[in-house]
Amino acid sequence: MSPERPTPRPLRLAEVIIEDPPRSQIRPAFVPRSRGRTRSIGLPEEFVDCCRQAFHSLQFEDGARVLGITSALYRDGKTSVAVGMTLAAAIDTGEPTLLVECDLEQPAFARIFGIEQRPGLGDWVDGSEAMRCVRMAPLDNAYVMTAGSVGSDPARIFYQLSKNNFMNELRREYRNIVIDLPPMLSVAYSQLACQLSDRTLLVARHGVTPVRDLQAVSEMVGRERLTGVVLNGYASRVPSWLRRFS
């Protein structure tokens, strides 16, 4: 007997009221609970500027931009790049921008941003909670979604996400969506998670990530979806003021 497939459910959105705005500004979307914002993340300006250049080099079709950030293995810096890309996109475009945590094996957003781990992505898929997004300080148009409670079968979460209206609902709310994906060679469900994004950037650590691993990831993601490679940890000998003119 084949296992029963889950029935897709509509996305439940909670209402967010931050700092008591006028009622005309209240719209259904996100949930602050007791805290309306994350704590500020101190990324170096030069690092965010590199993420900005990478973001603006990408080509998207009309509509929402959905970008996945992955790596071959852990500790290549993909989460830092995802955060930097979110900040750059939100600042430069002024559009609603969302950062989604899809690394369910080693979730880090709660620690990085100083927010509660749940409710999050996994809790919504299980049907136990409404979707929660927290505003990313100090911006007013950037938001963070944690992985939430994962359980013993994270692959099931992405199977259900691929069968329901999850991404389409988020596209209606956000112009820019950045997904912190699991590392492709470390997690069994990485290919399934990668299908949530329209374009994928591969993060490699300079002098650490083997070329053979990059080649393996390229084959797994597919050349039509893999947009480029971000070299993390590279220290250029060219002064920063001079690189601005290149």
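## Close-up views of a predicted model

**Figure 1. Confidence along the protein chain.** In this predicted model, the protein chain has an average pLDDT of 77, and 79% of the residues score at least 70. Residues 1–35 have a pLDDT below 50. Beyond near neighbours in sequence, that stretch makes 68 contacts in the model. A second stretch, residues 241–246, also stays under 50. For residues 241–246 the model has three contacts beyond four places in sequence. Where pLDDT is low, predicted coordinates should not be read in detail.

**Figure 2. Overall make-up of the protein chain.** Nine helices and nine strands are present. The protein chain has 246 residues, of which 48% count as buried. Among contacts with a separation of 6 or more, 77% join residues 24 or more positions apart.

**Figure 3. The seven-stranded sheet.** The sheet is open, and its pairing is mixed. Its strand order is E5-E6-E4-E7-E3-E8-E9. Strands E5 (134–135) and E9 (226–232) form the edges, each pairing on one side only. Strand E3 (residues 65–71) runs parallel to its partner, strand E7 (residues 176–180), and five bridges link the two. Within this pairing, Gly 68 stands opposite Ile 179 of E7. Helix H8 (residues 211–221) packs on the sheet. H8 touches strands E8 (199–205) and E9. The direction of H8 makes about 170 degrees with that of E8.

**Figure 4. Two nonpolar cores.** The largest nonpolar core contains 35 residues. Met 145, Leu 161, Phe 166 and Ile 179 have the most contacts inside it. Several strands give two or more residues to this core: E4 (97–101), E6 (142–145) and E7. Helices that do so are H4 (121–126), H5 (154–163), H6 (166–173), H7 (190–194) and H8. Another core, of 27 residues, lies apart from the largest. Leu 99, Phe 109, Ile 115 and Val 203 are among its members.

**Figure 5. An edge-to-face pair in helix H3.** The structure holds three aromatic pairs. In one of them, the rings of Phe 109 and Phe 113 have centres 5.5 Å apart. Their planes stand at 80 degrees, over the 60-degree cut-off, so the pair is edge-to-face. Phe 109 and Phe 113 are four residues apart in helix H3 (residues 109–113), so about one helical turn separates them. Phe 109 counts as buried because its relative accessibility is 0%. Phe 113 is also buried, with a relative accessible area of 0%.

**Figure 6. A stacked pair between helix and loop.** Phe 158 and Tyr 189 form a stacked aromatic pair. Their ring centres are 5.2 Å apart, with 20 degrees between the planes. Phe 158 lies in helix H5, whereas Tyr 189 is in the loop between E7 and H7, so the pair ties together parts that are 31 residues apart in sequence. Both residues are buried.

**Figure 7. Surroundings of Arg 175.** Arg 175 is in the loop between H6 and E7. Its relative accessibility is 29%, so Arg 175 counts as partly exposed. Leaving aside neighbours within four places in sequence, Arg 175 contacts Gly 63, Ala 64, Arg 65, Glu 95 and Pro 96. Gly 94 is 81 residues from Arg 175 in sequence, with 9.7 Å between their C-alpha atoms.

Key. Residues numbered from 1 in each chain as written. Predicted model: local features only at pLDDT ≥ 70, side-chain atom pairs only at ≥ 80, totals over all residues. Heavy atoms only, no water. Pairing = 2+ DSSP bridges. Contact = heavy atoms within 4.5 Å. Axes fitted to C-alpha atoms, helices over the stretch in contact; angles between N-to-C directions. Core = buried A, V, L, I, M, F, W, Y, C linked by side-chain atoms within 4.5 Å. Buried < 20%, exposed > 50% of the residue type's maximum accessible area, 1.4 Å probe, protein only. Phe/Tyr/Trp six-rings, centres within 6.5 Å; stacked < 30°, edge-to-face > 60°. pLDDT = per-residue confidence, 0-100.
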